[in-house]
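Me: Please take one part of this model and examine it closely, beginning with the terms needed to read it. A connected account would be preferred to a list.

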Amino acid sequence: MNAFEPDFATSAGAVDMTHGSGGRAMARLIRDLFHKHLGNPHLAAGNDGAVLTLPPGRVVVSTDGHVISPLFFPGGDIGCLAVHGTVNDVAMMGAKPLYLTAGFILEEGLPLADLERIIRSMAVASREAGVAIATGDTKVVEKGKGDGVFITTTGVGVVADGIELSGDRARPGDKVLVSGTLGDHGVAILSKRQNLEFETEICSDTTALHELVAAMLAAVPGIRVLRDPTRGGLAATLNEIAQQSQAGVILDERAIPIRPDVAAACELLGLDPLYVANEGKLIAICAAQDAERLLDVMRSHPHGKNAAIVGEVVEDKHAMIQMRTKFGGARVVDWIAGEQLPRIC
Amino acid sequence: MKYIDEFRSHDLAEKLATAITHEAATGRDYHLMEFCGGHTHAIFRYGVQDLMPPNVHFVHGPGCPVCVLPVRRLDDAVELAERHGVILCTYGDMMRVPGTKQRSLIRAKADGADIRMVYSTQDALKIARDNPDREVVFFAIGFETTTPPTAVAIVQAQREGITNFSVFCNHVLTPAAIQHILQSPEVRELGTVTIDGFLGPSHVSSVIGSQPYEFFAEEFQKPVVIAGFEPLDVMQSTLMLLRQINEQRHEVENEYTRVVKPEGNLKAQALVGDVFELRSEFEWRGLGTVPYSALKIRESYAAFDAEKRFALSEKVSREVKSCECPAILRGAKKPTDCKLFGTVCTPDNPMGSCMVSSEGACAAYWTYGRFRTNADGTAATKEAAE
């Protein structure tokens with residue numbers, strides 16, 4: 001550092017237009033915040049892109065934009081969410097996630113202390129997940145043109161031969177599993193929304209799932225579908241899979257794990273937990289004969305201890321999700337119309 | 001969930017189903033109108049119909065506040081936001097209801113109108129406090145349940161001297177609507193709609209009590225059972241109605257005793273009486289003009305009446321042609337009788353209000369019921385049969 005430069009005082013300052021101008025302020029922001037916390041040889045090289053050496057296998061790429069409000073929520077923040085979200089998308093293809101890229105849109109006026117907290121959180125999350133943030137970009141927009149910060153991350157991973165995961169592979173007779181309680185993330189976010197705050201100990205479940213996925217694939221390499229039920233929850237994700245596979249699913253409401261406090265919050269707010277977002281859960285579909293073994297593996301992993309078999313794939317030319325209710329009747333679990341909760345991830 | 005799960009018990013449901021089947025084994029059909037959308041929603045969401053014998057039919061009533069609001073009033077709300085430039089605060093359900101030429105609040109918002117979704121009248125008041133240089137209008141809709149909170153907001157605004165807050169009042173009354181349905185030619189003369197009894201409103205009754213239904217139970221000789229919104233409430237109330245019908249009684253009974261008292265909530269009634277007075281008539285979607293069926297803000301609170309504060313233009317409001325919402329709201333048709341249902345009209349692209357609100361019969365049919373197969377494997381709707 002130049003001895004005449006004052007310290008980069010993140011505690012007092014805020015993002016201004018110069019931080020996106022390409023000038024010295026931007027260079028310092030990148031060096032003293034991004035490189036400092038996310039530091040790795042790729043970033044340190046300071047080039048326009050990163051040159052990556054990948055192990056053998058097929059390359060998986062996935063990208064995800066994060067616009068969550070509020071930026072900080074019980075159990076996480078937009079920083080770790082941006083890492084987990086993309087790591088999980090890569091993992092749902094059966095791949096080991098290796099690298100991330102990160103694009104930041106900063107709003108003028110965002111406190112630098114908040115930005116530093118977010119970047120630190122990204123650093124911790126990416127270190128824990130074993131992925132390096134290899135390259136990135138920063139832009140600043142005028143006040144009122146953003147909402148603090150938006151982060152887009154792209155993940156790169158490698159999938160081993162023999163693993164064939166895809167939403168169109170569900171077959172009648174297959175079993176549907178979930179890795180844990182549903183709706184935690186959405187309800188945690190909602191509990192902190194302006195004009196809706198309520199007291200709760202519910203935390204977001206945001207976490208990286210690739211290690212759970214690796215354990216599952218080691219035990220049952222023939223898993224047909226993996227997907228993380230983020231926006232739209234279990235209901236939307238299963239509807240997507242049903243469409244892709246042109247098959248129906250029958251769920252058993254009694255088997256679906258939902259925390260009592262999440263169920264209560266949803267009851268109070270008129271939400272259906274099946275449609276509420278998750279950030280640390282996955283849906284797996286596998287052949288019936290593999291289901292119990294897969295369930296055992298999931299339950300013995302910390303991120304899958306509440307896993308359950310919740311339904312079965314059936315022949316259905318309408319590709320609908322139906323549910324046997326606890327009450328003893330049946331209902332359709334449809335696509336959601338409109339938006340149950342905007343800006344949840 | 002304590003106090004909730006008890007009312008969704010599968011074991012009790014099976015016992016009640018057996019009792020209902022036994023009571024209904026008379027060789028006749030039973031047509032029960034559930035007045036409230038809350039009941040419609042519970043029937044579909046929990047699959048209550050699957051537990052009923054085939055001769056017990058639910059006729060869906062007009063008790064969905066979003067559904068019964070006429071297009072004209074919605075167009076007025078859009079005008080308030082667009083032409084008068086107010087911050088329009090609305091309950092979320094109203095956002096997607098199509099007005100004339102498919103114009104909804106959500107479209108107006110996308111085009112730049114300042115329309116904000118609120119969860120309570122208190123949110124609207126806060127917006128008024130936070131924006132003293134803007135006019136803030138609360139788009140008040142609903143039956144007797146949502147009226148007291150609107151009254152509270154108006155009284156509070158007056159007490160605090162909040163001068164930029166007003167209410168576009170569309171509160172309507174349940175007993176007047178039920179009476180109107182019973183007097184309609186479809187029920188009285190043509191016999192196209194059979195109603196043997198009513199599942200009475202639950203939350204509404206917690207405010208107005210059970211007494212207001214006594215008159216028409218007697219006058220029209222139709223039993224009423226005030227029923228809670230949980231699925232076991234619906235089943236227990238169905239059993240009580242069947243018993244009344246079989247014994248040729250026509251009384252007002254209260255299944256929802258854990259909440260509803262005969263006299264209702266006197267404090268809420270007094271508050272509503274202080275702030276509102278009867279309109280001599282009000283237009284309902286589906287029911288047409290119903291005398292003494294809605295409330296307006298009293299002269300003493302005129303400063304908070306958006307209809308007095310802003311000059312709303314005369315306009316020609318039109319519903320979508322061939323939308324059967326009106327007949328569905330009267331119980332004269334089922335959603336599946338409408339040729340728009342599931343073709344042009346879906347929750348993603350609603351043509352009528354009944355497809356928008358989760359309490360609307362069309363939305364309930366579509367969301368929970370289409371492609372449904374009965375317990376015996378037969379198709380429950382034409383979509384399921386195709």
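Reply: Two strands are said to pair if DSSP finds at least two bridges between them. Strands (E, at least two residues) and helices (H or I, at least four) are DSSP runs, numbered from the N terminus. The model is predicted, with local features requiring pLDDT of at least 70 and side-chain atom pairs pLDDT 80 or more, whereas totals for chains, interfaces and linings use all residues. Residues are numbered from 1 along each chain as its sequence is written, while chains are lettered from A and ligands numbered from 1 in the order in which they are written.

The part chosen is a sheet of chain A. Its 4 strands, in the order 1-6-4-5, make an open sheet with mixed pairing. Strand 1 (58-66) and strand 5 (132-141) of chain A are the edge strands, each pairing on one side only. On average, neighbouring strands of this sheet are turned by 15° against each other, direction ignored; axes are lines fitted to C-alpha atoms, for helices over the stretch in contact, and angles between N-to-C directions run from 0 to 180 degrees.

In general, strands of a sheet pair through backbone hydrogen bonds, either parallel or antiparallel. Strand 1 of chain A runs antiparallel to strand 6 (residues 149-159) of chain A, and 9 bridges join them. Within this pair, A:Val61 has A:Val156 in strand 6 as its bridge partner.

Helix 3 (residues 78-91) of chain A lies across strand 1, strand 4 (96-107) and strand 6 of chain A. This helix runs at about 30° to strand 6 of chain A.

For the wider setting, residues count as in contact if their C-beta atoms, placed from the backbone, lie within 7 Å. The contact between the chains takes 19 residues from chain A and 25 residues from chain B. On the side of chain A that touches chain B, helix 8 (260-269) and strand 13 (330-332) of chain A are the elements that give two or more residues. Helix 8 of chain A gives the most, with 4 residues.

Leaving aside neighbours within four places in sequence, B:Phe139 is in contact with residues including B:Ala77, B:Leu88 and B:Phe168. Chain B itself holds 17 helices and 13 strands, and its C-alpha atoms fill a box of roughly 65 × 50 × 45 Å along the principal axes. Residues 24 or more positions apart account for 75% of the contacts in chain B with a separation of 6 or more.

Methods. Two residues are in contact if their C-beta atoms, placed from the backbone, lie within 7 Å.
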